[in-house]
Amino acid sequence: MKMKLLLISALLGFVFHVGAKTDSNPCISANAKTCGECIQIGSQCVWCKDPDFKPSRCDDIESMAKAGCTADGVENPRGAVTIDKNKPVTNRKIDGGQNLRPDEITQIQPQKVTLNLRSGEAQKFTLKFKRAEDYPIDLYFLMDLSHSMLSNLENVKNLGTELAKEMKDITKDLHIGFGSFLEKLVMPYILMTPKYLKNPCFPNDCTAPFSYKNVLSLTDNHALFTQEVSKQKTSGNLDAPEAGFDAIMQAAVCKDVIGWRNVTRLLVFSTDAGFHLAGDGKLGGIVRPNDGKCHLDNNMYTMSNYFDYPTISQLVDTLSGNNIQTIFAVTEQIRDIYQELSALIPKSAVGTLSTSSSNVIQLIIDAYNSLSSEVILENSKLPDGVSISYISHCKNGVSGTGDNGRKCSNISIGDEVLFDIEITAKGCPSKGKSETIKIKPLGFSEEVEILLNFICECECHKDGIKNSPDCSEGQGTLECGVCRCNEGRLGRLCECSQDEVLADDLDANCRMHNGTEVCSNNGECVCGTCECKKRDNPEERYSGMFCECDNFSCDRSNNKLCGGHGRCECKKCICDANYTGSACDCPLDTSTCLASTNEICNGRGKCECGVCKCDENYEGPTCEICPTCPRICTERKDCVECKHFGTGSKQKTCDEDCKSFSIKKVKTKEDLPPPNINHCKERDVDDCWIFFTSSSEKDGSIQVYVAENRECPSGPDIIPIVAGVVAGIVLIGLALLLIWKLLMVIHDRREFDKFEKEKNNAKWDTGENPIYKSAVTTVVNPRYEGK
């Protein structure tokens, strides 16, 4: 059994492999006509230049050898990597006594590489980077001189000499410069009154407003820095944001004026305010976009009223293109704003200003160490069809791919890191012309120059025979075994002239209907006739006047074309005798549908494709089962009862009426067979439930499985019933008494309350009784005078 399964699995795997190979072979499906077209499909495709080679000339190397192409006839050019300049990285100590010029220090290796690229074939090389010790630094301090920065200006005045002392462990070659900025000299940024333009901080002493000026170009005279910065005064403007972007742009692009060397370049941008963006200049009537060019005249920016502020993307490109790393030294209140700006500018950092000069120096040193500890590679724009990928190998065995493959972090001076760089071309970029790209670490001036040569033609292209007699008597060049036609000629052998018929007419002759593809997209129109594509499987082919037919796209059954019972012609199955259906998977033979009664499907269905399609309520191979028919159980109950239990209405005639029944006993109803036959539950003469299953066999007998255990109703238990009734009567009586007592209490309380209310409201009459006569009579003597 296991062996059988293994054989079936192997067969299916082979079939799927062949099918997948047929559908996924781009060398053949691309229908390349020349060797150049073939090798541009992918690195797996090779060309056979043998003159008499008949199969497809473009295929993979293995198939080409099997097809009979000679080893010398295979054209398979490969790419290569050549290191043209490979100067080792510099190894020296800061106290080693070596005095090297910046151009003598090497931090990246190799410096120049040539790649020969074939389509789909990646070429790799390894780039080494090592931070050199005592590498020169140019630091340009760009400061906002609005009046609110007065205290910070005082801290910067002694920055030159102190910074050089603090950075002596990093570099001994420090050039430092200073520039300042304020705002565009137009309303509403600056109040344009003569008094304000002369002293915008009146009554305090301020300098006249300006946009940007270069106070001191980069110099190694640190005392001169202190001297020049000490002369500076603050100024004033109306709005809070400043023209810092104008200043950054001019400081970056005016390389000769500022004095940038080809070394590490740092720009320290110090302010306590926000910045104006591109578009803000419209408020002052300035609508021309910033041109990104140098406009310093006598160290002053002269075009601030002519050009708008730069965009952030302009600053990013300019700073990156000039290898300038930016340090934003800002106050705590605006730190969050510049933190978001720094996230958009590669190789930039943000620090917080305080009131001491030592804070400024420490801020610069910390920011420099943070920026220089991370190496990020970037490449120039790639030609169309060229891709590049990086894999980094950093300190402590840490590697990265994707975007992380471009960078390494926590790099100290003297550390060495590696990057594996892979470049791939697709097709023939730049029409075969060589291209040059560059890779460099952000913030560093050194770079790797890479020359890309694209392999777009085979070697046999050079050996072509012009005007070969094999190409219709000189109508083309015999190149790599095929004809490359001269201008105006068409066809495999250049046998057709474009002058004889218009190209549109040629295509029309190769279309089945208007709107359809030329040669059904399965061939090429040559001189008005379709030449169908070849398949890598020689048994599969396109055919027809318009290549509209094939012998492999018909319906399949059981993973077989036309079910193995027909042939595929023009995408339709032509079935063998006794078979029908779109995939020839429906046999017309009805013998498999005959029941034991020699009826087709027991008269309860139709035979379709050799299988019974049963009527409603019937099932089974020949529709012999009716699981939902209740009369079956009723009809068979009496025979089951008499055969197994010896009871029931057929007890006396059981042997005669139930002779076709075959009884098998099981213990309980749970032991009955699964429900692919009739399950029954019926009451017997003792009012008990009996359980059985039955099925009709092909020989006409009825197979019955009966559960020995019946489910009979048990008699009533008198004592619990009587006790329950008595308890119920008592409980009901108690409940009635409680209800009566509750009602009486409520009634008595209501009557008492009524009495008390009437008593309180009663009013008694206090007058004399009119019929009352007192028992005392008083008589007065009229002559009595009271004497």
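**View 1. Helix 6 against helix 8 in a predicted model.** The axes of helix 6 (residues 159–166) and helix 8 (residues 222–230) come within 7 Å of each other and cross at roughly 145 degrees. Axes are lines fitted to C-alpha atoms, for helices over the stretch in contact, and angles run from 0 to 180 degrees between N-to-C directions. L159, G160, T161 and A164 of helix 6 meet H222, A223, F225 and T226 of helix 8; contact means heavy atoms within 4.5 Å. These residues divide into 4 nonpolar, 4 polar and no charged. Here Ala, Val, Leu, Ile, Met, Phe, Trp, Tyr, Cys and Pro count as nonpolar, Asp, Glu, Lys and Arg as charged, and the others, Gly among them, as polar. Helices (H or I, at least four residues) and strands (E, at least two) are DSSP runs, numbered from the N terminus.

The model is predicted: local features need pLDDT of at least 70, side-chain atom pairs count only at pLDDT 80 or more, and totals for chains, interfaces and linings use all residues. Residues are numbered from 1 along each chain as its sequence is written, and side-chain values use heavy atoms, with hydrogens and water left out.

**View 2. The open sheet of 6 strands.** The strands follow the order 4-6-22-21-16-19, with mixed pairing. Two strands pair if DSSP finds at least two bridges between them. Strand 4 (80–85) and strand 19 stand at the edges with a single partner strand each, so one side of each has no neighbour in the sheet. Strand 6 (residues 112–118) and strand 22 (residues 448–455) run parallel, joined by 7 bridges; R118 has I455 as its bridge partner in strand 22. Strand 16 (residues 375–379) pairs in the antiparallel sense with strand 21 (residues 435–441) over 3 bridges, and L377 is bridged to P441 of strand 21. Strand 16 also pairs with strand 19 (residues 407–408), again antiparallel, over 2 bridges.

**View 3. Helix 11 and what covers its buried residues.** In helix 11 (residues 312–321), the buried residues are L315, V316, T318, L319 and S320. Buried means under 20% relative accessible area, exposed over 50%, and partly exposed in between (1.4 Å probe, protein chains only). Their cover includes helix 9 (244–253), strand 14 (324–330), helix 12 (335–344), strand 16 and strand 21. N323, which follows helix 11, has a positive phi, near 55 degrees.

**View 4. The surroundings of A367 in helix 13.** A367 has a relative accessible area of 8% and is therefore buried. Leaving aside residues up to four places away in sequence, A367 touches I327 and A349.

**View 5. A hairpin and the disulfide of C532 and C547.** Strand 27 and strand 28 form a hairpin with 2 residues between them, and C527 in the turn has a positive phi of about 55 degrees. The sulfur atoms of C532 and C547 are 2.0 Å apart; a disulfide is a pair of cysteine sulfur atoms within 2.5 Å. The torsion about their S-S bond is about -100 degrees, so this disulfide is left-handed. C532 is in strand 28, and C547 is in the loop between strand 29 (542–543) and strand 30 (549–550). C532 is partly exposed at 26% relative accessible area, whereas C547 is buried at 0%.

**View 6. The disulfide of C593 and C607.** Its S to S distance is 2.1 Å, and with 65 degrees about the S-S bond the link of C593 and C607 is right-handed. C593 lies in the loop between strand 36 and strand 37, and C607 lies in strand 37, so the pair ties together parts 14 residues apart in sequence.
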